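Hi,

Here's the structure I said I'd pass on. Have a look at it first, and then read on for what turned up.

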Amino acid sequence: MAETIDRIGAVRATRDLTSSVRMIEFAPEQGFIPPSPGSHIDFSVMIGGRPDVRSYSLVGPCSDGVYRIAVKRLEVSRGGSAYMWSLKPGARIAHSAPANHFGLAPGRPEYLLLAGGIGITPIFSHALALAHAGARFRLLYACRNRGEVALGDELRERIGDRLEVVLSEQRRIDIAKEIDRLDARGELYVCGPIGMLEATKRCWSASGRPVDLLRFETFGASGQYPAAPFAIRIPRLGREIAVAAGKSMLDALEEAGIEMISDCRRGECGLCALPILEVDGVVDHRDVFFSDAEKASNAKLCTCVSRVYGRAISLDTADR
Ligand code: FES
């Protein structure tokens, strides 16, 4: 759900946490609203000369009245991360108040936090809040290699050996085993790439635990295949629309004048989904809206995040 962007913040400082993750601090001009752990802020960005919105989790606790976000510069990006990286101290940017769809539920006997890559940003705040509350928890943080570990030192300093960094070039997290170790009434919070989210959902479901004790946050950007250009065909309209590697299907359709319905633009609400007629290639489902069975059936796809790895896809836009 997009938030109302009615505030202005001034960039106070930037700091590179890794070669591809930059922390940006900014001071709100309309007064500081303290964020709860797991909160995010929406920003107004310019992409290709057009205004757009990007959402970033706050790196808490922000107790000094300054908001902090960590932005990963994506190699294939629609332009949001490049815009955020272009901001220098003193730059002003429009943003929303903090909002939270990934808040911590208090009082569980144990928590398991699972982060992959830049998914550490909301999980960082959760870990600090749990440590402050004296809660029992562990944080498993998966990164490809040591150079990609952002906020590792800060976490180690604050939560000690409750942090376990797992480098995927050496080994993978055994998610099923970690869930087995969790208290029966314990809660799991996960934020990371779509593969990690899907694997976690599968393992959680196989464990028979209550669905409401699994909480996840998406950033809807990563898939099973690299982002490459392809074409959308709409037989009913006799149209063929090119989708560049750094552009979403939803953006390409809207820019081509197709009337679309959307909301989250993160693969969560399903509003942008269209029926698939034919695929020349593989559908890379990157949403968390459809179930595994629905994805396997390839009946529909979420155009805001999902892509095709191949030449083209034919879609039905009859209800648009
Ligand atoms: S707009 Fe919500 S899933 Fe695409």
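Let's start with one residue: is Y67 buried or exposed? Y67 counts as buried, because its relative accessibility is 1% and the cut-off for buried is under 20%. Before I go further, keep in mind that this is a predicted model.

**Aromatic rings**

There are eight aromatic pairs in total. One of them is made by F32 and Y67, whose ring centres are 4.8 Å apart with 35° between the planes, a tilted arrangement. This pair ties together distant parts of the chain: F32 sits in the loop between strand 2 (21–28) and strand 3 (40–47), while Y67 belongs to strand 5 (residues 67–72), and 35 residues separate them. Y67 is the buried partner, as you saw, whereas F32 is partly exposed at 28% relative accessible area. Both rings also belong to a cluster, in which ring pairs link F26, F32, F43, Y56 and Y67.

Another pair worth pulling up is Y111 with Y189. Why is it called tilted? Because the planes of the two rings stand at 35°, with the centres 6.3 Å apart, and an angle that is neither under 30 nor over 60 degrees counts as tilted. Here too the pair links distant parts of the chain, with Y111 in strand 7 (residues 111–116) and Y189 in strand 10 (residues 187–191), 78 residues apart. Y111 is buried at 2% relative accessibility, and Y189 is buried at 0%.

**The parallel sheet**

Strands 7 and 10 take us to an open sheet of five strands, ordered 9-8-7-10-11 and paired in parallel. Strand 9 (163–167) and strand 11 (214–217) are at its edges; each has a single partner strand, so one side of each has no neighbour in the sheet. On average, neighbouring strands here are turned by 15° against each other, ignoring direction.

Within this sheet, strand 7 and strand 10 run parallel and are joined by five bridges. If you click on Y111 again, you'll find its bridge partner in strand 10 is E187.

Two helices pack on this sheet. Helix 2 (residues 120–133) touches strand 7, strand 8 (137–143) and strand 10, and its direction makes about 155° with that of strand 7. Helix 3 (residues 152–159) touches strand 8 and strand 9, and its direction makes about 150° with that of strand 9.

**The mixed sheet**

Further along there's an open sheet of five strands in the order 13-12-16-14-15, and its pairing is mixed. Its edge strands, strand 13 (239–243) and strand 15 (300–302), each pair on one side only. Neighbouring strands in it are turned by 40° against each other on average, again ignoring direction.

Which way do strand 12 (residues 230–234) and strand 16 (residues 307–315) run relative to each other? They run parallel, and three bridges join them. I232 has I313 of strand 16 opposite it.

**One last residue**

T317 is in the segment that follows strand 16. Its relative accessible area is 1%, so T317 is buried. Leaving aside residues up to four places away in sequence, T317 touches I234, R236, L237, I258 and L274.

That's the tour. Shout if you'd like to go through any of it together.

Cheers

Methods:
Residues are numbered from 1 along each chain as its sequence is written. This is a predicted model: local features need pLDDT of at least 70, side-chain atom pairs count only at pLDDT 80 or more; totals for chains, interfaces and linings use all residues. Side-chain values use heavy atoms; hydrogens and water are left out. Rings of Phe, Tyr and Trp (its six-membered ring) pair if their centres lie within 6.5 Å; planes under 30 degrees apart count as stacked, over 60 as edge-to-face and the rest as tilted. Helices (H or I, at least four residues) and strands (E, at least two) are DSSP runs, numbered from the N terminus. Buried means under 20% relative accessible area, exposed over 50%, partly exposed in between (1.4 Å probe, protein chains only). Two strands pair if DSSP finds at least two bridges between them. Axes are lines fitted to C-alpha atoms, for helices over the stretch in contact, and angles run from 0 to 180 degrees between N-to-C directions. Contact means heavy atoms within 4.5 Å.
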